[in-house]
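Hi,

Here is the structure I promised to pass on. Have a look at it first, and my notes follow below.

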Amino acid sequence: MNDPQSLHDLSYEELEQFITADGIKAVHAHSLWRLLHWDASLLEMESCQNLLGPLRRWIEEYVGEDKRFFLDHPEQVADIRSSDGMTRKFLLKLRDGQTIETVLMGYDGRHTACVSTQVGCAMGCVFCATGQMGFTRHLRPGEIIAQVLHVQRVLRRDYGKRLRNLVLMGMGEPLHNYDAVMRAMSVMADVRGPSLSTQRITISTVGVVPAILRMAEEKAPYNLALSLHGANQAQRSALIPVGKKWRMEELLDACRTYNQKVGKGIFIEWTLIAGANDSPEVARELAELLRGIDVHINLIPLNPTEGFAGTATATQAGLQFQKILRAAGYPVTFRQRRGIDVAAGCGQLKSERTKLTQSSAEKLQPAQSAPN
Ligand code: SF4
């Protein structure tokens with residue numbers, strides 16, 4: 001028998017092919033697809049009972065552990081809640097025992113899921129906890145989708161809400177795992193399934209130039225967020241090692257190409273690090289650097305991590321940085337730091353597997369009530 005395959009890895013067309021090859025009418029693919037990606041309750045027998053006989057028998061015969069197909073349904077190892085109650089970080093265990101982190105943020109009445117795309121990360125950004133742990137493996141599409149489904153289940157169960165926004169800013173560099181990410185996102189945006197608006201899906205990158213150009217060529221309909229962090233080659237490379245591989249000029253050219261081909265602006269993510277990239281001179285240099293590129297700049301003070309000694313820019317200095325960029329004509333948002341007390345902020349995600357001994361797991365507090 002071939003290796004078991006995840007039903008969550010399949011495209012709609014592949015799912016249809018599989019079931020029709022087994023004599024099930026193509027029309028049943030729609031019900032199965034909905035169960036997999038919409039209410040995600042295929043595991044509940046009650047839902048299966050409502051399916052028409054042939055599809056129900058197909059599921060009973062072929063879907064489950066040690067069968068031809070399995071479902072991506074990671075085990076929740078921990079559910080950790082920030083002190084302001086607005087952020088929840090889930091530690092999820094995959095089939096091979098690897099663990100990843102997924103974050104639910106519930107600010108301003110909007111719920112956003114931040115999902116991981118890799119176990120670890122190969123990019124090695126010096127201020128980032130995930131970068132500090134190194135790269136283990138890419139996630140499959142189903143493992144990316146399963147994180148969104150997990151957050152959706154929590155939202156429905158605990159808050160009676162639907163997920164509106166999705167950001168790929170968890171563990172890993174999404175564009176280093178391009179095919180799996182794009183497949184997962186096309187499922188998320190599928191109107192027959194989760195039906196998330198492509199305008200509310202944001203893919204982040206640290207600047208993988210060939211993949212940005214591929215997104216431009218394919219006119220990928222999602223938002224693109226570029227972590228820049230440096231206003232010149234030396235400043236950027238000191239924080240982001242892959243800045244040496246895909247140099248600044250090349251990166252900016254890719255941004256212009258993306259603007260032209262996709263017809264959309266780019267979110268520039270800027271981590272403000274005291275004394276490293278937060279001076280008025282750097283703000284002016286950045287304004288010059290981005291001249292002619294359609295961008296929206298997001299400033300966020302550094303979140304602390306164990307492996308980096310840098311500290312966050314003081315609020316006054318951050319606001320001054322913002323003022324200079326605004327005066328130069330850029331839309332700029334000064335973002336609040338969220339969930340840093342549970343290490344769920346930007347750059348803080350790191351698999352807790354190595355730390356999660358029996359005793360420390362006991363200290364993790366499950367969420368008690370809704371954040372809002
Ligand atoms: S910031 Fe993003 S790309 Fe850089 S090491 Fe962390 S997860 Fe990877």
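**Helix pairs, the sheet and the ligand**

H6 passes H7 in a right-handed crossing. Before you read on, please keep in mind that this is a predicted model.

Helix H6 covers residues 141-159 and helix H7 covers residues 178-188; their axes come within 8 Å and cross at roughly 45°. With that angle, H6 counts as oblique to H7. On the H6 side, the residues that meet the partner helix are Pro141, Ile144, Ile145 and Val148, and on the H7 side they are Ala180, Val181, Arg183, Ala184, Val187 and Met188. Sorted by class, this contact has nine nonpolar residues, no polar ones and one charged residue.

Further along the chain you'll find another pair, helix H11 (residues 280-289) and H12, which pack at an angle of about 30° with their axes 9 Å apart. That makes H11 roughly parallel to H12, since angles under 35 degrees count as roughly parallel. Their crossing is right-handed. H11 brings Pro280, Ala283, Arg284, Leu286 and Ala287 to the contact, while H12 brings Gln320, Phe321, Ile324 and Leu325. By class that gives seven nonpolar residues, one polar and one charged.

Then there is the pair at the start of the numbering. Helix H1 (residues 12-21) and helix H2 (residues 28-37) have axes that come within 9 Å and cross at roughly 125°. This angle makes H1 oblique to H2, and H1 passes H2 in a right-handed crossing. The residues to look at are Tyr12, Leu15, Glu16 and Ile19 in H1, and His28, Ala29, Leu32 and Trp33 in H2. The class count for the contact of H1 with H2 is six nonpolar, one polar and one charged.

Now for the sheet. Ten strands make up an open sheet with mixed pairing, and the order is S3-S4-S5-S6-S9-S10-S11-S12-S13-S14. Strand S3 (75-81) and strand S14 (332-334) are at the edges; each has a single partner strand, so one side of each is left without a neighbour in the sheet. From one strand to the next, the twist averages 20°.

Within that sheet, have a look at strand S9 (residues 165-168) and strand S10 (residues 201-205), which pair in the parallel sense over three bridges. If you want a spot to zoom in on, Leu166 has Ile201 in S10 as its bridge partner.

H12 turns up again here. Helix H12 (residues 315-327) lies across strand S12 (266-272), strand S13 (295-301) and S14. Relative to S14, H12 runs at about 170°. So one helix to follow on screen is H12, which packs with H11 and also lies across those three strands.

Last, the ligand. Which residues come nearest to it? Of the twelve residues around the ligand, the nearest are Cys121, Met123, Cys125, Cys128 and Gly131. The shell around the ligand divides into six nonpolar residues, five polar and one charged.

That's what I have for now. Shout if you'd like to go through any of this together.

Cheers

Key: Residues are numbered from 1 along each chain as its sequence is written. This is a predicted model: local features need pLDDT of at least 70, side-chain atom pairs count only at pLDDT 80 or more; totals for chains, interfaces and linings use all residues. Two strands pair if DSSP finds at least two bridges between them. Helices (H or I, at least four residues) and strands (E, at least two) are DSSP runs, numbered from the N terminus. Axes are lines fitted to C-alpha atoms, for helices over the stretch in contact, and angles run from 0 to 180 degrees between N-to-C directions. Two residues are in contact if their C-beta atoms, placed from the backbone, lie within 7 Å. A residue is near a molecule or strand if its C-beta atom, placed from the backbone, lies within 6 Å of it. Ala, Val, Leu, Ile, Met, Phe, Trp, Tyr, Cys and Pro count as nonpolar, Asp, Glu, Lys and Arg as charged, and the others, Gly among them, as polar. Angles under 35 degrees count as roughly parallel, over 145 as roughly antiparallel, 65 to 115 as roughly perpendicular and the rest as oblique. A crossing is left-handed if the near helix is turned anticlockwise from the far one by less than a right angle, and right-handed if clockwise.
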